[in-house]
Each structure stands twice: as structure tokens, then as C-alpha cells.
Amino acid sequence: MSSEEPEITLNDVVDLLHHQFAVITGGKTHEGFPMITLPDLGNFGSLNDEDYQKLVLYLTSVPSMHEADMGFVLVIDRRNDKWSSVKNTLLKISGFFPGLLHRAYVVRPSGFLQKAISEVSSKFFKDEFKFRVIVCSSIEELHQYVDKKELTIDLDGNMPYCHQHWIQQRMALEQFSGQTKAVSASLDDFTKRLRVSTEDLIVGVQGAHGMLEEQGEEYEKLKEAILQAARRGESLLGDIKQRLNSTSLEPSSLANITAVERLLVQLEETERTFDDFWQQHSARLHQYLDLKTFERDFKIIQGNLDVYLKTVSEMTEVGETVERVDTLIKEFVTFQKLCTEEVEKGEELISCGEAMLRGRHYLHLDCIAPKCEELQRMSVSIKDRLEHRSETLNKCRELQESIDKANKWCTKGIELLASQHVEKCSCSAESAEAALNELEKYVESAAQFKLNSPREFYTLFQDSITPETKALVTQVLQRIDDITTMCDKRTSSLKRLAQKPPRPVQTVTPEPAVPLQPPPPQPKRVETESVESTVGSDVLRAKRNHVLKELLETERIYVSELGTILKGYKYAMNTDEIKPLVPAGLEGKADILFGNLEDIHKFHGEVFLQDLENCITTTDLVALCFTHRRESFHRLYSYYCQNNPRSERLRASLGNNSFFQTCQRKLGHKLPLAAYLLKPVQRITKYQLLLKDLLHYSDGQKWCGEIQEALDCMLVVVKCVNDSMHQIAITGFWGDLSELGELLMQGSFSVWTENKKDRLRELRLKPMQRHIFLYQKAIMFCKKNSNP
């Protein structure tokens, strides 16, 4: 039978089985070959070929595959039939039999005439068939070949057999078999769909949740179908065994029991395989869900931590009063609680990720470890910054309290010094002594700060000083120093007055003698020089403050102008009003026209300007702003200046079209865009000029070293930017400029040619201009291209 032909079931041949054209009782030969019996009912001749083929196909499928492969033996009972019927039966069987047929036992007709005919005819047609034919003259002779235990009662055997019960059992068995096949097919289809669904999972968390829930419900239904089939098989097995116990032992029933048990074992194995598959699949899907949940939570936590890190970085205000610091501390505690909750979520997520890595990997989990490390890094960073902010605020509160006390102390000192009349003290030692005691008592009041003297105020503030409060502390310390100096001077004067007794006042008559000479001018000259020195210092301080003020104000204007250019030109290109005016040659080329102007604006607005505002009152800190941001200046302005020629060519090719005119009119600019695009180039050169002025007006100050370092940094930046612009203009060089090493120097020079015939005429000619580049590994001479 071809595997492509449909399988014959009991329903296809049930009517034929009821007529008992042929039966398979479960009997076997002594070799173990299953036997098919054709009872002597006289109806086989009415069976057409198609029905015969279906019937014999079904009967040969009843035994196990192993038994069917061994081959079959036929027992043809024709005792009450005619010899012609025997021949026709054998010819039909010879024409079609789906299995291996070893032999056929024919119990020939028992009538006298038919017996005589069979004796004659059997000698001639035995060799006409594909199988061996053994003609038995009687049942007793058949028993010589086949054991009576393997034959039914109608063949004088003692094998119990009920055809109707056999049909009923076969019907139940095939229904159970069909149910198991249907369950297996459903399981196969389910597993195939699940394998396909998990090959390239791209669903999100909600999709994975839905998939897991939907497939879980389908798994439970299929699991219940397996259990129902198993219960049905066990019920069928029980019925067959009960019949065996109540009746004689039927080999067909034993075969059915074996078949049912085999199906139950297969069903159990199928269930176990299905459970194993589902366990792995659900574990894979759960891990995918856990992974997607991890990635989603990571993005959320990372975003929140980024915001918190930015927020805590922007928390630079330290407060100018105790009340303001208390408000900042209260706001910080609330913010710190939010950060702590987010950090705890991050730590929980890290634990989940590490647990996933420790478990069995059904998916590629390479992305988990870097994300855990990133969360760990961000958690540590935000903890450090929060701790630093907390310490800063606590120090600032202590500092503000100390500053309040110090200011009150200074105010009291000023009032005391102003209330003391030096004229009275110079006339009375008692007054000088009283004023001295009062002043010493005031100086001793510094003990409330747990200090031995006002000079130790520096130590007090040194423990609480921060970069944000350095300017304020410097002012307070300067005030304390001034008061302390004044107190020291007053104390020295009072001590001298208290020690020198006053001279008695005597009345004398003036004599017209030589006029009194004016007092020596030396002390007055010293005082004049001191005044002039103080005045000069005040002038320098005023000029420094003016330069610092100019630096800050021009920086604010610069940031504002850059923002105006971006908003009025670059960002306006995407608005509905301006977009139709954008020329075709500018589409997709905004980055060429504006370069990295947006990055420069962001750097100055969010970083550098804030640095200047935080420390504009302290000259050395202003210098540090330039030193610390040197790399950013070099990177941003080198790129902008290198892109400037491309930007200029693009703008020139577009001309003064309606887009530029409209934007300029809306912004109210008097100058075109080209003038504003030169702002960054002008600004980077302006810094070094301001720093030179600041250094000039800081002569002899302790921060001159910091200003000089800042000036050197900006000069290097300007040089690097200038070198980059010159190098970007080099054309026609066949090699790689980066292989020549660092550019050490570059500049223009003149070249004259010498001719012995007419040296004077040649010398009068205009020299040729060349540009030289000195690299670490080579020197390059370039000629200016007059036609770029």
C-alpha cells in the first residue's frame, strides 16, 4: 500500500465485516504467522473487486506492524461450496493481496461430486498461484497443519471468538487511536507554531505578556485533550479486560489490549515530550519577557537617573543667608528621596539582571552585563554627587552662620572704633587705658568662634569653603582682615598713650624770636606715598572689575546672538511659514551652512557662561574656567573654522534670496547672515585680548600665574584653529597629512629668483609668496592658488 493512499478504517468496511466475507480471529500458525479466515458462508463470490481490496487491506492492517511484516496465512473453508467458487476465490486472492502471503489452506467441498472434481482439478491449478496452496480434504487434515487452539469453533477449534464483540472493540480501539492521532497532530501544529513564533521575537513587553498568556491557555487546552484521551484509553482497556475476565480468553481481545496499551504508552510519551517542550518554550518566553522588561525598566531608570544627575549637577546655588540655605536643604532632602528611590529600583534591576545571567540562557543575554554596569556606575555617580551636595549645603549652612557672626563681629568692631575718641585718649592715660581695655575685650570676643584671635578666622572658614562660596568667603575674610588690622593699629596707639603720662599745661609768654620751623616733611611724605599706593591699587581693582564685567556681559550677548541665529535661520527652515522659501540648494545642507554652531551655543550657554557667572568675582577662578575648558574650545572652534569656507561657498552660491531676506527682516538684523556667522571666529580671538588686559591690571597679584596659564591656553587654541584652517586649504598633496606628525609651525614667506645676466632687473621684480608648514617629520612648501 502506498503511503499516499488514504488509510482504511473500520467505518469504511463495517458493512463488509458484518457479512463475514473474511475475518481475522487472532489465530496464528506454529511459525507465528497471523491467519485470515474465509468462512464457508457461500457469499464470497458476491464480493466485487473493490470491496474485496478494501476488506483485505483493512484485515492486513489489524495485526501489529511486526506481525504484518512476517506475512500471512489464509484458511479458506469451502466445505459446503462448489469447486468453481474455490478457484475463483484463489484467483481473486492471487490477483491482489497487500501483504506477504505464505500459503493458503483450502478445505475443499465435501459433496461427492464436488470432491471428485476437486481431486482432479487441484492437481492442475496448484502451480497457477503466487502462493502455496494446500488443499485439505477435511477439517481433521487442516488440524494437522494448524493447531486447534488457533482455530474457531466453526473449524472445530477451541479458540473463543465473537465477531460482533470483535467489531465493537475494533470500533472503540480505532476511535481511541483516532483521538490520539488528532491530539498528536494538534500538538505537532502547536509546537511548530511556537517554534516559528520564537525564532525572531521582536514584540514588546505587552506583546510578550499577551503571547505568553495566549499560548499558556492553548497549552492547558491541549493538556486537557491529552488527559481526556488517556482517560478514554484507560476506560477502553478496562472494558476489554473485564470482558476477558467474564468470558473465555480471546486472542483478538489480547491483541486489542496490547494495541490499547501501546497507544497509552505512546500517549504518555507524547505528553512527556510535550511537557518538556512547553517547559523549555515557556522558560524561553518568560526569559524573553524578563529581558524586555529589564530593557524597558533600564531605559526608564537610566532616563530618570540622567535627569537626576543633570539636576544635581545644576544645583550650584549655595544660598546667601541661613534661611535660604535651610530652604535649599529642605528641597534637597525631597530631591534626595526621589533619587534614593530610583537608585533602589536600579539596584533591584541589577539583581534581576545578575539572576538572569546566573540561570540557564535560552536567549542571548550579552546586553545585560553592560547595562548592569552602567546602572551601577550611574548609581555610584549620583550617590557621590548627592553626598557632595549634602556636604556642600551643610558646610554652607555652617559657613553662613559663621559669616553672620563674623559680620556682626565686624560691625560691632567698626562701631567700637568709631565711638572711641582718640583726642581724649591722647590727653588722658585713663581714657586711653579704658579704650584699650574695651578694645582688647572686643578682640577677645572672637572666642565665641572657638578661636584664640581674629587672625584664626581663616582657619574657621577654610574648613567650610567650597568653590561656590569662595568669592563670598574672600570678601568676608578681607573685611575681617581690615577690621583686625585697624584694631591692631588702634591697640598699638592706645598702648603708647596709656604708657606715656600727659605733660602738664603751662602758660608761657611768647617771644618774638625766630619763627617756628615746619615739622619734618618725612612722615607726611610716607603718608602721601601710602595714599598714592592705595589709590593705585583701587584703580587697578576697578579696571580688573571692568574687564571681568565686560567678559561676562559680552559672553551673555554672544550666547544670545548665537541663539537668535539658530532660532531665526536654522530652526525656522522647518516651520510652515519659512519652509516654502528655503531654496532647493539649501535642502539637507543646514549642517554645512551653520557647521556645529548649535554645539557651540550649547557649550557656551549651558557650560561656560554658567562657569563665569559662578566665579566672576574671583579672578583666579575665572582663569580656571578657560584652563579647564581648553579641549572643548579647541574641538568646537577647530571644526567650525574648518567648515567656514564650505559654509561661505554655499551661502555665496545661494545669493541673497528671499529666505535670507525674510529671516533677516523678522529678526530685525541690520547685517546679513554672513556677518553673524563670523561671530564665533571673532569671539575666540576676543578671549585672549580680555585675558591680556586682565593680566595687565593684575600686576603683582597672587593670581597672575593662573591668568597667564589661561592666556597661554587660549593662545594655543587660537593657534590650533589657525593651523587647522591653513591645513584644510592644502590641495594636491598625494599623501596623508596625519602621517607627517604634529604641525609645529606654519607661515608665509617671500621668494626671489636670481639671474646672473640681469641680477639688478630680477631683484627689482616683485617677490613670489609661498607658505611653509613645519611638521615633525617633513617640511611642506605650498603655493597660493589664485583660482580656487
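Q: What order do the strands take in the open sheet of three?
A: This is a predicted model. In it, the order is β5-β6-β7, and the pairing is antiparallel.

Q: Which are the edge strands there?
A: β5 (743-751) and β7 (779-783). Each of them pairs on one side only.

Q: How are neighbouring strands of this sheet turned against each other?
A: By 20° on average, with direction ignored.

Q: How many bridges join β6 to β7?
A: Five. Strand β6 covers residues 768-775, and the two run antiparallel.

Q: And what stands opposite Arg770?
A: Lys783, in β7.

Q: Now the open sheet of four strands. What is the order there?
A: β1-β2-β3-β4, with parallel pairing.

Q: Why is one side of β1 and of β4 left without a neighbour in the sheet?
A: β1 and β4 (132-136) stand at the edges, each with a single partner strand, so one side of each has no neighbour in the sheet.

Q: What is the average turn between neighbouring strands in this one?
A: It is 20°, again ignoring direction.

Q: How many bridges join β1 to β2?
A: Four bridges link β1 to strand β2 (residues 72-77), and the pair runs parallel. Within that pair, Ile36 stands opposite Leu74 in β2.

Q: What do strands of a sheet pair through, in general?
A: Backbone hydrogen bonds, in either a parallel or an antiparallel arrangement.

Q: Switching to cavities. How many of 30 Å³ or more does a search of the whole structure find?
A: Four. The largest has a volume of about 70 Å³.

Q: Which residues line the largest cavity?
A: Ala22, Ile36, Leu38, Phe44, Tyr52, Leu55, Val56, Leu59, Leu74, Ile93 and Phe97. So the Ile36 and Leu74 that stand opposite each other are both in that lining.

Q: Which elements give two or more residues to it?
A: β1 (35-38) and α2 (49-60). α2 gives the most, with four residues.

Q: How does the lining of the largest cavity divide into nonpolar, polar and charged?
A: Eleven nonpolar, no polar and no charged.

Q: What about the largest pocket, what volume does it have?
A: About 1400 Å³. It is lined by 45 residues.

Q: Which of those are closest to its centre?
A: Ser61, Val62, Pro63, Ser64 and Arg262.

Q: Which elements each supply at least two residues of that lining?
A: α2, α3 (65-70), α7 and α9. The largest share comes from α9, with twelve residues. α2 thus appears in the lining of the largest pocket and in that of the largest cavity.

Q: How does the pocket lining split by class?
A: There are 20 nonpolar, 17 polar and eight charged residues in the lining of the largest pocket.

Q: Back to α7 and α9. At what angle do their axes cross?
A: At roughly 15°, and the axes come within 11 Å. Helix α7 spans residues 163-197, and helix α9 spans residues 251-314.

Q: Why do α7 and α9 count as roughly parallel?
A: Angles under 35 degrees count as roughly parallel. The crossing is at roughly 15°, and α7 and α9 are therefore roughly parallel to each other.

Q: Is the crossing left-handed or right-handed?
A: The crossing of α7 and α9 is left-handed.

Q: Which classes of residue make up the contact of α7 with α9?
A: The contact has 14 nonpolar, eleven polar and two charged residues.

Technical notes:
Residues numbered from 1 in each chain as written. Predicted model: local features only at pLDDT ≥ 70, side-chain atom pairs only at ≥ 80, totals over all residues. Heavy atoms only, no water. 1 Å grid on protein atoms, 1.4 Å probe; cavity = no way out; pocket = protein on both sides within 12 Å on 5 of 7 lines; lining within 4 Å. Points joined across faces, edges and corners; volume = space filled by probe spheres on them. Nonpolar A, V, L, I, M, F, W, Y, C, P; charged D, E, K, R; others polar. Pairing = 2+ DSSP bridges. Axes fitted to C-alpha atoms, helices over the stretch in contact; angles between N-to-C directions. Parallel < 35°, antiparallel > 145°, perpendicular 65-115°, else oblique. Left-handed = near helix turned anticlockwise from the far one by under 90°.
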